[in-house]
Amino acid sequence: MKKGFMKICGLALSLALMTVCASILVGCGHEHTFAAEWKSDSTNHWHAATCEHTEEVSDKAAHTFGGDKCTVCGYTKQHEHTFAAAWSSDETNHWHAATCEHTAEKKDSAAHVFDGTKCTVCDYEKAAKCKCAEPCEVCPECGGCIEADCAEATCIKCGDGLTSHEYFAYQAKLSPGRNPADPSEKWNFTCVDHTQCSDGHKHIRDNTSSGGFVVQSVQGNNGGAITFEIVASKECVATLRIDSAKNATKPYFTDQMMLLINGEIVDAKAGPGERDSAIKSNKEDYGYFIFGCIPLIEGKNTIVIQTVTGDPAVGYNICGIDVMTASDVTLEFTPTTNNLVVCDD
């Protein structure tokens, strides 16, 4: 009885082992299935598994290139553009041009950064728009002529095409200077109506009493200043014209007389003792002269004409200024009431 039971148990164990082994053999016999189309990356190609074992691949191998294309899977190399080391440029921007077949491609394209007429990045230089013979002065910013008396028809003037905004000097903020011999003594401004002068001395803009006043007597006025406060609707570059009147000297801007835009001194190409080479008016009596391009910020701007020395040969008589901007820029100027002496000429 016992032997029979043992035989039965042994047979059952054998059957169980056979079942397990069969299951293992069936599992080991799984055949992965793969897609017919190729998968690829930049280095290899392969057939991906379509069964649940998605990590499996078949026929994985490195590409065999014929030109830019793999002859096995059809993979095409990703093109890398090549660019010239030298800069290309136009009037507005500079860039590195493509040297491959994709000639429309550009690298490092950006607007010029000008120092005067020359770009500090690519060395592009603005072409002067002035066609006059020497000694015509050219604005370093726009390349236009700043000579008010230039009669050359083909010459583009600094400020051409811009809108004028004229402001009278007698309505600006006036700061008296000091007597260099006695700093405690103020040297105030005076104002003269020149509308009754002879034809050769009439105000250049108009001959009405409201437009003929000249702020004068600032010769040798140590620290005296005429300040125009102007609010601009947007940041821009404007052209500045100064309406001047006859004085002991023409209205020079040198080391002894300054033009300041928002606290920054505008370079007038004249160092100490170089007054004759400074930007100046060629007119002996009344008239505008073009100073050139100036930067304006959005909001309040200050334009200051100031003496910094007691030299009696240095001074200016000012009728007003003209700030010339593009038509989309709005300027606001609030007149100041000054206690000026108005006398007969």
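## A residue within the core

Leaving aside its neighbours within four places in sequence, I303 is in contact with I226, T227, F228, I230, L240, L259, L260, I261, I294, I321 and V323. These contacts come from a predicted model, and everything said below about the structure should be read with that in mind.

The residue I303 also has a place in the largest nonpolar core, which has 26 residues, and I303 is among the members that touch the most other members, together with F228, I230, L240, I321 and V323. Seven stretches of the chain are named as giving two or more residues each to this core, namely β17 (225-232), β18 (236-245), β19 (257-261), β21 (287-296), β22 (299-307), β23 (317-324) and β24 (331-333).

## The chain as a whole

The chain is built with 1 helix and 25 strands, and of its 345 residues, 38% count as buried. When contacts with a separation of 6 or more are considered, 62% of them are accounted for by residues that lie 24 or more positions apart in the chain. The accessible surface comes to about 19700 Å², and 52% of this area belongs to carbon and sulfur atoms.

## Three salt bridges

How many salt bridges does the structure have? The count comes to 3, and each of them can be followed to its place in the chain. In one of them, the side chains of E229 and K173 meet with a distance of 3.1 Å from N to O. Because E229 lies in strand β17 while K173 lies in strand β12 (residues 173-175), this pair ties together parts that are 56 residues apart in sequence. E229 is partly exposed, with a relative accessible area of 24%, and K173 is likewise partly exposed, its relative accessible area being 40%.

Another salt bridge joins D328 to K234, with the closest N and O atoms 3.0 Å apart. Here the residues lie in loops, D328 in the one between β23 and β24 and K234 in the one between β17 and β18, so the pair ties together parts that are 94 residues apart in sequence. D328 is partly exposed at a relative accessible area of 48%, and K234 counts as partly exposed at 33% relative accessibility. The remaining pair is R241 and D322, whose closest N and O atoms are 2.9 Å apart. Since R241 belongs to strand β18 and D322 to strand β23, the salt bridge ties together parts that are 81 residues apart in sequence. D322 is buried, with a relative accessible area of 0%.

## Cysteines without a disulfide

A disulfide is a covalent bond between the sulfur atoms of two cysteines. The structure holds 0 disulfides, and two cysteines help to show why a bond is not counted for them. For C122, the closest cysteine sulfur is that of C119, and because the two sulfur atoms are 3.7 Å apart, they are too far from each other for a bond. The cut-off that matters in this reasoning is that the two sulfur atoms must be within 2.5 Å. C122 counts as buried, at 14% relative accessibility.

Which cysteine has the sulfur closest to that of C293? It is C139, with the two sulfur atoms 3.5 Å apart, which is again too far for a bond. C293, too, counts as buried, in this case at 18% relative accessibility.

Technical notes:
Residues are numbered from 1 along each chain as its sequence is written. This is a predicted model: local features need pLDDT of at least 70, side-chain atom pairs count only at pLDDT 80 or more; totals for chains, interfaces and linings use all residues. Side-chain values use heavy atoms; hydrogens and water are left out. A nonpolar core is a set of buried Ala, Val, Leu, Ile, Met, Phe, Trp, Tyr and Cys residues joined through side-chain atoms within 4.5 Å. Buried means under 20% relative accessible area, exposed over 50%, partly exposed in between (1.4 Å probe, protein chains only). Helices (H or I, at least four residues) and strands (E, at least two) are DSSP runs, numbered from the N terminus. Contact means heavy atoms within 4.5 Å. A salt bridge is a side-chain nitrogen of Lys or Arg within 4 Å of a carboxyl oxygen of Asp or Glu. Accessible areas come from the Shrake-Rupley method with a 1.4 Å probe; for residues, only the protein chains shown count as cover.
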